[in-house]
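Here is a short report on one protein model. Have the sequence and the 3D view open as you read.

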Amino acid sequence: MSGPLPLQVGDTVQMRKQHPCGGDTWRIVRVGADIGIRCLTCDRKVLLPRAECERRIKRIVARAADVPSDQPSPD
Ligand SMILES: [Zn+2]
């Protein structure tokens, strides 16, 4: 994957590596220099540097919203 991922709070992502609890699906709970993610299986919260977090993400399962609220509409 190239370029920064457009991660948003509320996005659901699948990680390349399973959490020790067996889950591989996480919810983005914070974005910034560090990305906060919460395991949807065991509810544990982890803070990762953005670059490392993006490397670990396999795919985005679901977006928080189709249109980002902080961007103006094309009209
Ligand atoms: Zn877990």
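At 23% relative accessibility, how does E52 count: buried, partly exposed or exposed? E52 counts as partly exposed, because buried means under 20% and exposed means over 50%. Keep in mind that this is a predicted model.

**Salt bridges**

The structure holds 4 salt bridges. Three of these pairs are described here.

E52 pairs with R56, with the closest N and O atoms 2.4 Å apart. Both residues sit in helix α1 (residues 50-56), 4 residues apart, so about one helical turn separates them. R56 is partly exposed, at 40% relative accessibility.

D11 and R63 form a salt bridge through their side chains. D11 lies in the segment before β1 (12-15), while R63 lies in the segment after β5 (57-62), so this pair ties together parts that are 52 residues apart in sequence. D11 has 0% relative accessibility and therefore counts as buried. Its partner R63 is partly exposed at 34%.

R38 and D43 also meet through their side chains. R38 is partly exposed, with 28% relative accessibility. D43 reaches 53% and counts as exposed.

| Salt bridge | N to O distance |
|---|---|
| D11 and R63 | 3.0 Å |
| R38 and D43 | 3.1 Å |
| E52 and R56 | 2.4 Å |

**The nonpolar core**

The largest nonpolar core has 12 residues. Among them are L5, L7, V13, M15, W26, I28 and I57. Strands β1, β2 (25-30) and β3 (34-39) each supply at least two residues of this core. Which strand gives the largest share? It is β3, with 3 residues.

C53 is another member of the core. Leaving out residues up to four places away in sequence, C53 touches M15, I35, I37 and L48. These four contact partners belong to the core too.

**The largest pocket**

What is the volume of the largest pocket? It is about 210 Å³. The residues that line this pocket include R16, K17, Q18, H19, P20 and V46. By class, the lining has 6 nonpolar, 2 polar and 3 charged residues.

Some names recur between these features. M15, W26, I37 and L48 line the pocket, and they are also members of the largest nonpolar core. R56 is part of the lining as well, and this residue is the salt-bridge partner of E52.

Terms used
Residues are numbered from 1 along each chain as its sequence is written. This is a predicted model: local features need pLDDT of at least 70, side-chain atom pairs count only at pLDDT 80 or more; totals for chains, interfaces and linings use all residues. Side-chain values use heavy atoms; hydrogens and water are left out. Buried means under 20% relative accessible area, exposed over 50%, partly exposed in between (1.4 Å probe, protein chains only). On a 1 Å grid over the protein atoms alone, a cavity is a set of points where a 1.4 Å probe fits but cannot get out, and a pocket is an open set with protein on both sides within 12 Å along at least five of seven lines; lining residues have an atom within 4 Å of a point. Grid points are joined across faces, edges and corners, and a volume is the space filled by probe spheres set on the points. Ala, Val, Leu, Ile, Met, Phe, Trp, Tyr, Cys and Pro count as nonpolar, Asp, Glu, Lys and Arg as charged, and the others, Gly among them, as polar. A nonpolar core is a set of buried Ala, Val, Leu, Ile, Met, Phe, Trp, Tyr and Cys residues joined through side-chain atoms within 4.5 Å. Contact means heavy atoms within 4.5 Å.
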